[in-house]
There are 6 protein chains.
Amino acid sequence: MLRLAPPGFLRFSQTTSFDVVYGGGESNVAVSLANYGVPVDFVTRLPKNDIGECALMEMRKRGVNTQNIIFGGERLGIYFLETGAVSRGSKVVYDRAHSAISEIEPGMIDWKKVFEGAGWFHWTGITPAISQSAADVCLEAVKVASDMGITISTDLNYRAKLWNYGGDREAIMTELTSYCDIILGNEEDAEKHFGIHPEGLDVHKQGSEVKAEAFLSVCKQMMKKFPKAKKVITTLRGSISASHNTWAGVLYDGEKMYETRQYQITDIVDRVGGGDSFMGGLIYGLLKYPEDDQNALDFAVAASCLKHTIKGDANLVTVSEVEKLMGGDASGRVAR
Amino acid sequence: MLRLAPPGFLRFSQTTSFDVVYGGGESNVAVSLANYGVPVDFVTRLPKNDIGECALMEMRKRGVNTQNIIFGGERLGIYFLETGAVSRGSKVVYDRAHSAISEIEPGMIDWKKVFEGAGWFHWTGITPAISQSAADVCLEAVKVASDMGITISTDLNYRAKLWNYGGDREAIMTELTSYCDIILGNEEDAEKHFGIHPEGLDVHKQGSEVKAEAFLSVCKQMMKKFPKAKKVITTLRGSISASHNTWAGVLYDGEKMYETRQYQITDIVDRVGGGDSFMGGLIYGLLKYPEDDQNALDFAVAASCLKHTIKGDANLVTVSEVEKLMGGDASGRVAR
Amino acid sequence: MLRLAPPGFLRFSQTTSFDVVYGGGESNVAVSLANYGVPVDFVTRLPKNDIGECALMEMRKRGVNTQNIIFGGERLGIYFLETGAVSRGSKVVYDRAHSAISEIEPGMIDWKKVFEGAGWFHWTGITPAISQSAADVCLEAVKVASDMGITISTDLNYRAKLWNYGGDREAIMTELTSYCDIILGNEEDAEKHFGIHPEGLDVHKQGSEVKAEAFLSVCKQMMKKFPKAKKVITTLRGSISASHNTWAGVLYDGEKMYETRQYQITDIVDRVGGGDSFMGGLIYGLLKYPEDDQNALDFAVAASCLKHTIKGDANLVTVSEVEKLMGGDASGRVAR
Amino acid sequence: MLRLAPPGFLRFSQTTSFDVVYGGGESNVAVSLANYGVPVDFVTRLPKNDIGECALMEMRKRGVNTQNIIFGGERLGIYFLETGAVSRGSKVVYDRAHSAISEIEPGMIDWKKVFEGAGWFHWTGITPAISQSAADVCLEAVKVASDMGITISTDLNYRAKLWNYGGDREAIMTELTSYCDIILGNEEDAEKHFGIHPEGLDVHKQGSEVKAEAFLSVCKQMMKKFPKAKKVITTLRGSISASHNTWAGVLYDGEKMYETRQYQITDIVDRVGGGDSFMGGLIYGLLKYPEDDQNALDFAVAASCLKHTIKGDANLVTVSEVEKLMGGDASGRVAR
Amino acid sequence: MLRLAPPGFLRFSQTTSFDVVYGGGESNVAVSLANYGVPVDFVTRLPKNDIGECALMEMRKRGVNTQNIIFGGERLGIYFLETGAVSRGSKVVYDRAHSAISEIEPGMIDWKKVFEGAGWFHWTGITPAISQSAADVCLEAVKVASDMGITISTDLNYRAKLWNYGGDREAIMTELTSYCDIILGNEEDAEKHFGIHPEGLDVHKQGSEVKAEAFLSVCKQMMKKFPKAKKVITTLRGSISASHNTWAGVLYDGEKMYETRQYQITDIVDRVGGGDSFMGGLIYGLLKYPEDDQNALDFAVAASCLKHTIKGDANLVTVSEVEKLMGGDASGRVAR
Amino acid sequence: MLRLAPPGFLRFSQTTSFDVVYGGGESNVAVSLANYGVPVDFVTRLPKNDIGECALMEMRKRGVNTQNIIFGGERLGIYFLETGAVSRGSKVVYDRAHSAISEIEPGMIDWKKVFEGAGWFHWTGITPAISQSAADVCLEAVKVASDMGITISTDLNYRAKLWNYGGDREAIMTELTSYCDIILGNEEDAEKHFGIHPEGLDVHKQGSEVKAEAFLSVCKQMMKKFPKAKKVITTLRGSISASHNTWAGVLYDGEKMYETRQYQITDIVDRVGGGDSFMGGLIYGLLKYPEDDQNALDFAVAASCLKHTIKGDANLVTVSEVEKLMGGDASGRVAR
């Protein structure tokens with residue numbers, strides 16, 4: 001997607017320019033992994049025009065392989081972002097209808113070829129939300145990946161403003177998720193997609209901090225509903241203000257609940273892509289520490305904590321930067 | 001429309017920001033007229049979101065009345081503009097499909113009420129080119145205006161990349177144009193819309209300067225085809241390079257051919273909207289000098305000549321600035 | 001006024017450009033009201049040059065009616081603003097002497113015509129502070145408004161650097177204020193203009209938070225001195241640092257003291273115009289909730305709280321954004 | 001003065017920022033001389049605020065001595081500059097009334113002390129044009145300089161928008177100029193200040209190129225009127241467009257007319273300060289080549305030719321750059 | 001290299017920011033080829049720090065393969081660029097000493113592996129000019145390439161400010177060039193490197209246009225000196241001013257002299273990298289039109305003509321854009 | 001040095017421009033003193049090119065005398081700065097090897113002449129760290145200053161990435177420091193340079209706040225080792241995050257330990273140069289309050305506290321601004 005944002009904290013009606021960032025849920029995860037040195041391919045459909053090529057070039061710059069990207073369709077999805085501060089939240093105006101990816105059709109991508117030699121496939125709940133054909137392609141991919149024994153992960157990513165093409169959200173998401181080994185989703189995702197409710201939690205109350213324990217019931221219900229899943233994970237964001245959040249994560253492996261320390265993220269630079277950076281960190285963590293879920297989770301939380309200090313959608317940090325924070329050094333001293 | 005352009009002469013793949021301009025064919029004409037002190041209303045359909053409101057605010061800032069603008073639909077049309085220089089022409093990437101105005105439907109605007117007290121209605125060939133329903137609304141408007149005895153003008157504005165919804169371009173344009181009193185169109189418009197060919201003219205040859213005499217045959221054919229038309233006008237642009245054009249105009253009133261001096265426009269700042277600024281100047285000229293077509297035409301050419309020095313789609317000049325140039329002072333001395 | 005500010009936190013001697021904002025006390029209130037959908041007219045005198053016209057265009061863009069603005073005089077008042085942070089406060093260099101408004105004369109504006117159909121007139125203590133003739137015009141306006149039964153409000157707005165033309169501040173302000181129904185002013189205004197002292201309050205102590213109770217004595221004295229006044233209101237700002245303020249408000253209706261919750265405004269984007277945004281919110285609140293002063297006050301405080309997140313003098317927020325914050329949601333979550 | 005200009009070719013109503021330049025006629029000459037390595041002092045009066053200090057710092061940065069600058073008064077003069085192109089000339093909006101220098105009074109500067117050790121004093125026709133007291137101080141300075149045997153030069157610099165304080169321009173300028181050894185002035189200056197007319201010259205006709213011969217009659221009349229004058233010099237600007245000027249100069253020493261080659265200045269970057277850069281080059285040339293007026297004049301013309309490629313008021317070029325152009329190399333090859 | 005340039009036409013002492021471009025002679029050629037769809041590898045040595053990685057990312061973004069880049073050394077070479085206009089040429093301040101590439105040593109790169117599957121190797125005269133060890137590595141590469149039967153091309157690229165490490169320039173360049181099949185070099189290169197003089201040519205005279213015929217004698221001498229060479233090519237630049245150049249090229253194949261039309265490049269955006277863009281176009285042309293040297297040369301000239309309209313060192317144009325200009329369309333019309 | 005920083009919080013790989021600041025340890029101290037009105041000379045060696053001259057001009061602009069600066073060498077040292085936020089610290093990439101100052105040689109500066117009339121000489125631990133010859137020159141200066149009875153101060157300024165030329169750091173620093181009257185250094189400096197350890201202090205633990213008492217043992221050991229020293233001073237920085245530090249200072253005069261209040265510096269704008277600004281404030285404080293070390297220390301801490309709100313290396317604040325904060329007003333109210 002193309003993100004267009006007024007500079008600084010300007011409102012839309014004040015700006016005479018937009019800062020340009022190419023991003024989007026899945027590509028953000030891909031960039032994270034490339035930054036960590038993991039070979040990664042981004043598969044999507046881009047319009048055959050300069051704007052589509054700019055998006056591809058940005059991927060390539062970051063070290064993401066782009067040879068499986070196909071071209072076609074009318075346009076690249078756009079979102080306009082107004083950055084908020086303190087009590088004024090950031091505001092997103094979507095202009096993503098009729099994007100090239102929304103008009104993808106089953107058969108356009110040769111998934112068997114794409115997945116050759118791959119070990120992991122990640123998709124998010126945004127793709128099936130944009131059109132029936134995108135949902136179909138997602139299912140097509142998930143089935144092939146599953147057949148080939150590839151680990152499958154998802155970020156459920158519920159978005160209220162999508163899903164307006166008339167598809168049966170619960171049925172679609174349930175089928176897709178049933179193929180997954182790793183499920184990332186917060187309590188809102190679980191509720192909206194599957195009707196699963198956490199207990200004792202009001203996420204809309206100002207300053208409320210999501211309690212890890214309360215999420216346990218959600219995890220258990222998720223595990224029951226999706227028996228293939230090996231881990232259910234969530235981020236725990238406390239929104240004190242647009243400039244100050246708390247941040248932590250929990251992971252349930254069917255037996256044990258892992259929890260991280262809680263970070264105070266004051267002076268937020270850009271919180272868009274926070275969840276994606278968590279996912280990128282989580283995949284890396286699970287790959288690097290296959291026997292140590294605590295470490296994997298700690299990596300994911302520290303990584304996404306750092307994301308809030310980076311302008312743009314993608315998390316442009318290195319493994320050593322994440323590990324420094326994981327190791328407890330949040331002092332922000334000058335590295336020189 | 002929202003125009004997004006890399007700053008200076010940067011290519012799309014070089015920029016990290018887009019300059020933001022709200023414009024579009026008809027709104028550019030409206031802004032010109034407002035600048036000249038003519039009371040003017042812009043009628044369109046905008047999406048009910050921040051981007052649509054920004055477009056409206058820009059109109060209002062320039063003194064164009066906006067009370068007849070209706071809201072609805074999904075998005076504001078966008079075009080991406082890369083500014084060329086010398087032998088590299090500017091490049092436009094359209095992203096205007098599914099815009100609010102393209103999904104307008106007959107009946108949405110109460111034209112009788114809109115035209116109350118109005119003396120002039122201007123439409124362009126872009127509107128019927130974007131969708132069948134937009135063409136229908138255009139016809140609806142033209143008929144009401146005609147019934148109410150309002151002067152009707154058009155800028156034929158052929159665009160190769162539009163008209164892809166399947167409508168019969170020639171039939172549609174012929175019917176719409178048949179209601180017009182004033183027709184602006186160059187030889188390409190006449191050829192593409194109505195199959196009318198000028199003689200002895202090759203507009204695609206480098207450095208070719210369109211000859212006024214050659215256009216006479218086009219005018220005569222146009223007048224014959226559209227008997228209601230009182231005047232047929234064209235701009236004569238010679239493209240020496242992206243940075244240097246020549247510029248002039250001719251007007252045929254059925255009897256006489258009026259011609260202007262030819263301007264050398266070196267060091268072009270922004271040539272987008274050149275035709276619209278001509279139309280704005282022409283309407284003003286015809287209103288101000290109703291008995292003096294030469295003066296009206298001279299005003300139009302001088303006005304649009306100045307447009308090439310203004311960044312953005314709209315022509316932000318005053319009557320006195322145009323008249324100074326009309327009067328022969330192209331010295332560009334500092335006014336202090 | 002024209003505000004010229006170095007970008008970001010640059011000092012004057014570091015900048016090679018100034019960010020341009022057109023604003024000023026009364027126009028900020030007008031813009032607030034226009035944003036809330038209240039029909040509003042801004043009456044002032046602007047110089048007949050490009051800079052004056054830019055100020056007018058900005059008003060018009062925001063939906064403020066400008067037909068009663070008159071033109072004349074030499075210049076638009078300017079102020080230079082250096083934005084501070086933490087322990088370095090923002091700094092203002094005024095260059096407003098000899099402005100068009102300061103040289104306005106009684107009789108230049110036909111107040112009877114201006115007030116036709118109007119229900120409310122707002123003036124601030126800045127206007128009579130700039131010149132004798134401006135004070136005279138202010139009195140002229142207030143008298144006509146009073147005769148026509150229009151509600152009159154004022155923001156006392158004491159400014160130490162003004163009032164240097166030699167007028168008797170106390171006498172002038174006392175007469176002008178005696179016509180007012182609604183008086184906004186903090187304890188400094190009351191002390192400087194009318195010699196009225198609050199009790200138990202040291203506003204200059206670092207981090208001191210103005211206590212609502214202490215303001216009650218000021219209100220009572222004000223009500224006694226200005227019997228026409230129906231409500232006396234003040235903002236309660238606690239300056240912890242240039243980047244962190246607390247914010248609340250109190251309203252006294254002669255019988256009861258209404259008080260709001262206290263907001264923590266960390267990460268301030270721009271605090272200039274905070275008082276004006278309060279006034280804009282208050283007028284809207286009193287119009288919308290005529291029987292509910294608590295609601296009106298809550299709206300004013302929430303509105304001006306949001307102002308601190310907006311760059312520029314004027315408060316560019318909507319009713320729904322204010323109501324969201326009033327309703328208790330200060331979480332700053334992304335709206336998407 | 002503080003110059004505020006929209007970036008690029010934006011009009012005032014399009015900009016959200018102003019580029020900041022500190023300059024002004026006499027200070028531009030001072031900066032030129034400092035760049036050429038000539039010890040130079042700038043004497044003026046600045047307001048005692050941040051804006052005044054910024055102006056001083058800019059002088060100091062450029063190597064101009066500032067110890068004789070005095071502080072006081074209200075404000076720094078401002079001018080707003082809109083940069084034109086092609087047929088749209090640049091536009092200046094002055095806001096210089098009531099500046100610190102305009103309110104200077106005789107006696108404020110101890111000219112004897114200022115001129116200690118000095119060899120040259122330069123003033124321009126702008127100073128006596130802004131106020132009676134500034135004219136008085138100018139005369140005060142000129143008399144002291146004359147008494148001390150210092151070479152005096154002037155740039156007559158007629159400005160139509162100044163001289164509105166009611167002083168008798170011809171009398172004032174005649175007296176001041178009578179003390180001068182070196183007089184720079186074009187035909188307009190001579191006509192407006194002293195009623196001296198050139199022959200056969202229409203400077204307002206588009207594209208007219210001022211003829212050197214025609215200026216001879218002006219020089220002779222000037223020499224007659226001002227017997228102390230040793231040289232009368234003028235620049236010969238041909239305004240083909242705002243982007244393309246021709247540029248040359250002539251010098252008359254009472255006996256001989258020296259003339260330079262004519263430069264084609266296409267693609268003008270900034271023509272403001274062109275005359276000042278000529279003066280700076282001329283003083284340097286006369287100092288360096290005291291016996292070779294042709295060389296001095298060539299230096300002045302080449303220097304000011306280069307000025308048109310420099311953004312801002314002052315001519316930031318070195319002696320070697322000017323000499324390269326004087327030597328005939330206008331090829332603009334990359335120096336590497 | 002890292003190029004740091006003040007924005008627009010600002011001089012170094014005026015800027016508060018530098019525009020950042022990563023480029024350099026050989027990388028510019030690589031980017032050109034990647035843009036034309038030719039698989040291309042860039043081989044260099046970069047410092048292992050963020051600045052080195054940024055240079056690599058820019059290559060990768062443009063589609064250049066970077067897997068053969070090695071890391072080590074202290075720093076990335078820098079050059080500061082001030083963009084000139086009209087009679088003020090652009091100015092380069094080099095800060096490239098001690099760069100990572102200058103400290104490369106023979107043996108660091110496994111050329112056999114690098115050249116596996118490659119068909120063409122291009123080097124420039126800048127590499128041997130920066131240090132003895134870089135010259136040694138260059139020779140090492142050329143020998144391996146020659147052994148492997150790879151086509152070798154060079155751009156002689158004489159730079160007066162380099163070659164200061166004390167190496168015997170003529171000997172080094174003669175040996176290196178003796179391996180080449182394709183030699184690009186202008187008359188200055190031939191003279192400085194090999195003492196070969198053209199006849200009847202003064203390239204330093206202002207406005208002089210290099211004559212093609214005069215270059216023939218140079219070509220013949222070159223062919224004689226370097227018998228392996230199959231073609232000798234040069235660009236013909238006429239420097240009318242920093243803003244206006246003429247541009248053409250000639251190619252001599254030992255028998256016939258091919259010559260192109262001469263382009264007028266007015267309104268130059270950025271002429272740095274002009275030669276590199278010619279070389280990129282030439283390699284592409286020779287690959288695409290192996291039997292048609294005229295076409296290859298025309299492509300090279302048209303490509304580099306377009307380069308002058310592109311900001312930065314590299315030529316960001318497509319084959320179809322070059323072919324359009326080759327085909328004679330220099331009209332610069334808007335592509336929409 | 002030349003500092004090149006991406007704007008805002010952008011990472012190196014995201015920026016297309018660098019903000020330009022000229023600074024460096026000793027020059028920052030000089031600028032501080034010039035701002036406080038203390039006559040001050042900066043002695044260094046700059047390359048004779050445009051970049052070196054820009055550095056000099058910036059000094060001159062700030063009122064620092066530059067006549068003792070010598071020219072020579074290859075380049076100006078550069079450092080690239082990426083500004084961090086919250087848990088991501090700022091990052092510095094040095095590119096200072098082979099700078100003009102690093103290649104200075106004894107005898108190049110005539111220290112006797114430089115110190116004529118001077119009362120204070122300040123050097124920092126960075127100079128001897130960059131090369132043997134720079135260390136030699138430093139020693140040369142210190143000896144002359146000592147002979148001439150000039151007060152000598154140092155900021156020990158340990159930098160891990162320097163000292164790589166092979167000099168014996170401890171021996172060099174010990175000799176140089178033995179000449180000093182005033183020694184500024186934190187516990188890390190003492191440890192790395194002299195092997196002196198504080199007790200009970202872990203500066204690397206997140207959020208740790210350096211305790212003043214713990215520093216007493218360091219001071220005592222320092223005093224013992226350097227008997228000429230009259231005062232040992234340190235800053236106490238607590239790094240809560242990159243955006244929030246605490247800040248205080250202690251001074252030990254051999255008898256008594258002076259301590260300041262601790263400031264909370266939230267919302268840090270730029271912490272680079274914090275130590276230098278402390279040193280600048282300290283020298284001023286010791287000069288102004290020669291009998292009152294507490295006041296001197298308070299001034300230093302308040303001054304450097306303000307530095308954190310200023311963009312760039314140097315502390316651009318006035319005495320009155322520092323005194324306001326010293327006096328307890330950290331409210332950051334708008335000064336108007």
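The points below comment on a predicted model, chain by chain and contact by contact.

1. Overall form of chain A. The chain holds 11 helices and 13 strands. Its C-alpha atoms occupy a box of roughly 50 × 45 × 40 Å along the principal axes. For 336 residues, a compact globule would be expected to have a radius of gyration near 20 Å, and the 19 Å of chain A agrees with that.

2. Burial and contact range in chain A. Of the 336 residues, 59% count as buried. When contacts between residues at least 6 apart in sequence are taken, 66% of them join residues at least 24 apart.

3. Relation of chains A and B. Two copies of a chain are related by a rotation about an axis and a shift along it. Chain B superposes on chain A after a rotation of 180 degrees with 0.0 Å of shift along the axis, and the RMSD is 0.0 Å. This is the relation of a two-fold axis. The C-alpha of chain B nearest that axis belongs to B:Phe18, at 2.6 Å.

4. The contact between chains A and B. Chain B contributes 22 residues and chain A contributes 22 residues. On the chain B side, the elements that give two or more residues are β2 (17-22), α2 (50-61) and β6 (91-95). Helix α2(B) gives the most, with 5 residues. By class, this side of chain B has 10 nonpolar, 6 polar and 6 charged residues.

5. Which surface is used between A and B? The copies meet through the same surface, because 100% of the interface residues of chain B are also interface residues in chain A. The strand pairing can be read beside this. Strand β2 of chain A (residues 17-22) pairs with β2(B) in the antiparallel sense, over 3 bridges. Within that pairing, A:Phe18 has B:Phe18 as its bridge partner. B:Phe18 is also the residue of chain B whose C-alpha is nearest the axis.

6. Relation of chains A and F. Chain A can be laid on chain F by a turn of 120 degrees and a shift of 0.0 Å along the axis, with an RMSD of 0.0 Å. This is the relation of a three-fold axis. Among the residues of chain A, A:Asp267 comes closest to the rotation axis, its C-alpha being 4.1 Å away.

7. The contact between chains A and F. Here 22 residues come from chain A and 27 residues from chain F. The side of chain A that touches chain F has 10 nonpolar, 7 polar and 5 charged residues. Only 5% of the interface residues of chain A are also interface residues in chain F, so the copies meet through different surfaces. At the contact of chains A and B, by comparison, the copies meet through the same surface.

8. Helix α1 of chain D. This helix (residues 25-35) is mostly covered, with 11 of its 11 residues buried. Among them are D:Gly25, D:Glu26, D:Ser27 and D:Asn28. The buried residues of α1(D) pack against α2 (50-61), β7, β8 (151-155) and α9 (274-288) of chain D. After the helix comes D:Gly37, which has a positive phi near 90 degrees.

9. D:Thr124. This residue is found in strand β7 (residues 120-124) of chain D. Is D:Thr124 buried or exposed? It counts as buried, because it has 23 C-beta neighbours inside 10 Å and the cut-off for a buried residue is 20 or more. Leaving aside residues up to four places away in sequence, D:Thr124 touches D:Gly25, D:Glu26, D:Thr154, D:Asp155 and D:Asn157. D:Gly25 and D:Glu26 are among the buried residues of α1(D). D:Lys231 lies 107 residues from D:Thr124 along the chain, and their C-alpha atoms are separated by 16 Å.

10. A:Ile196. This residue lies in the loop between α7 (187-194) and α8 (212-225) of chain A. A:Ile196 is partly exposed, having 19 other C-beta atoms within 10 Å, whereas a buried residue would need 20 or more. Not counting residues up to four places away in sequence, A:Ile196 touches A:Ala190, A:Glu191, A:Val218, A:Gln221 and A:Met222. The C-alpha atoms of A:Ile196 and A:Val250 are separated by 17 Å, the two residues being 54 apart along the chain.

Conventions:
Residues numbered from 1 in each chain as written. Chains lettered and ligands numbered in written order. Predicted model: local features only at pLDDT ≥ 70, side-chain atom pairs only at ≥ 80, totals over all residues. Least-squares fit on C-alpha atoms with pLDDT ≥ 70 in both. Contact = placed C-beta atoms within 7 Å. Nonpolar A, V, L, I, M, F, W, Y, C, P; charged D, E, K, R; others polar. Helix = DSSP H or I, 4+ residues; strand = E, 2+ residues; numbered from the N terminus. Pairing = 2+ DSSP bridges. Buried ≥ 20, exposed ≤ 12 C-beta atoms within 10 Å, placed from the backbone. Rg over C-alpha atoms; globule rule 2.2 N^0.38 Å.
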